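Student: I am new to this structure. Please take one part of it and go through it closely, in one connected answer.

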Amino acid sequence: MIGSDPKQDLRVVLQDARDALLGKLEGLSEYDIRRPMTPTGTNLLGLVKHLTGAEAVYLGDTYGRPFGGPPPPWVPGSDAEPDSDLWATADETREEMVGQYRRACAHADATIEALDLDVVGHLPGGEGKPITLHRTLVHMIAETCRHAGHADIVRELIDGTVGQRTGNDNRAPGDAASWEKRRRRLESAAQEAATRHARPETAG
């Protein structure tokens, strides 16, 4: 923890976020990993599918190392249905989707291993905006952590499971009763704050 290898440090943090994301699918049924749990349809397997495309594009195509397959809908020039990378069809199995994600990550890791951090790639589409491998890794860490956070909330909504991963939940101790007591306390504080700090209506 006291050494310094910038590329390896970035790689470790990215892998940690990847593992946390996949861990949120463990122990769930086919239905539960696909269930749309927010008004916009956020679901666990869809997050995995989306990040598969991100790994393939940012750490593959950008550096002339194509992973293969059609580009995701957010890549300029793609003819895919909008947001089709954010959910899995009934024909797409968990094994296929998770396996594809792992392969895309392995392909990305090979790119990281092969190139120096200051190597410049070009994002697909349009004029091919230049980007260094270092900046790409920072982006992929942020992207993966963001969606792993989404997966945290989605999993809690599905069955109440919380925490970073099995064996290291990274949260304060408590049981269902204590968490419900805490939730009620937060609700009470929110209502009190709303009364205390209510903003006067503005004239129309």
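Tutor: What follows starts with the whole chain, turns to one helix contact, and then moves outward.

This is a predicted model, where local features need pLDDT of at least 70, side-chain atom pairs count only at pLDDT 80 or more, and totals for chains, interfaces and linings use all residues. Residues are numbered from 1 along each chain as its sequence is written, and side-chain values use heavy atoms, with hydrogens and water left out.

First, the overall plan. The chain has six helices and two strands. Both are DSSP runs, numbered from the N terminus: helices (H or I) have at least four residues, strands (E) at least two. In sequence order the pattern is α-α-α-α-β-β-α-α. The C-alpha atoms fill a box of roughly 55 × 50 × 45 Å, taken along the principal axes. Of the 204 residues, 35% are buried. Buried means under 20% relative accessible area, exposed means over 50%, and partly exposed lies in between, with a 1.4 Å probe and protein chains only. Contact means heavy atoms within 4.5 Å. Among contacts with a separation of 6 or more, 70% join residues 24 or more positions apart.

Now the part itself. Two packed helices are described by the angle between their axes and the distance between the axes. Helix H1 covers residues 6-23, and H1 packs against H4 at an angle of about 175°, with the axes 12 Å apart. Axes are lines fitted to C-alpha atoms, for helices over the stretch in contact, and angles run from 0 to 180 degrees between N-to-C directions. H1 and H4 are therefore roughly antiparallel. That label needs an angle over 145 degrees; under 35 is roughly parallel, 65 to 115 roughly perpendicular, and the rest oblique.

Who meets whom? On the H1 side, Leu14 and Arg18 are among the residues in the contact. On the H4 side, Tyr101, Cys105 and Ala108 are among them. The residues of this contact divide into eight nonpolar, one polar and six charged. Ala, Val, Leu, Ile, Met, Phe, Trp, Tyr, Cys and Pro count as nonpolar, Asp, Glu, Lys and Arg as charged, and the others, Gly among them, as polar.

Next, a residue that touches both sides. Glu55 sits in helix H3. Its relative accessible area is 0%, so Glu55 is buried. Beyond its neighbours within four places in sequence, Glu55 contacts Leu14, Arg18, Tyr101, Cys105 and Ala108, among others. Met140 and Thr144 are also among its partners.

Back to Cys105. Cys105 is buried, at 7% relative accessible area. The structure holds zero disulfides, a disulfide being a pair of cysteine sulfur atoms within 2.5 Å. Why is Cys105 unpaired? The closest cysteine sulfur, in Cys145, is 13 Å away, too far for a bond. Cys145 is partly exposed, at 39%.

H3 offers one more feature. The whole structure has one aromatic pair. Tyr58 and Trp74 are stacked, at 5.8 Å centre to centre and 20° between the planes. Rings of Phe, Tyr and Trp (its six-membered ring) pair if their centres lie within 6.5 Å; planes under 30 degrees apart count as stacked, over 60 as edge-to-face, the rest as tilted. Tyr58 is in helix H3, while Trp74 is in the loop between H3 and H4, 16 residues apart. Tyr58 is buried at 16%, whereas Trp74 is partly exposed at 32%.
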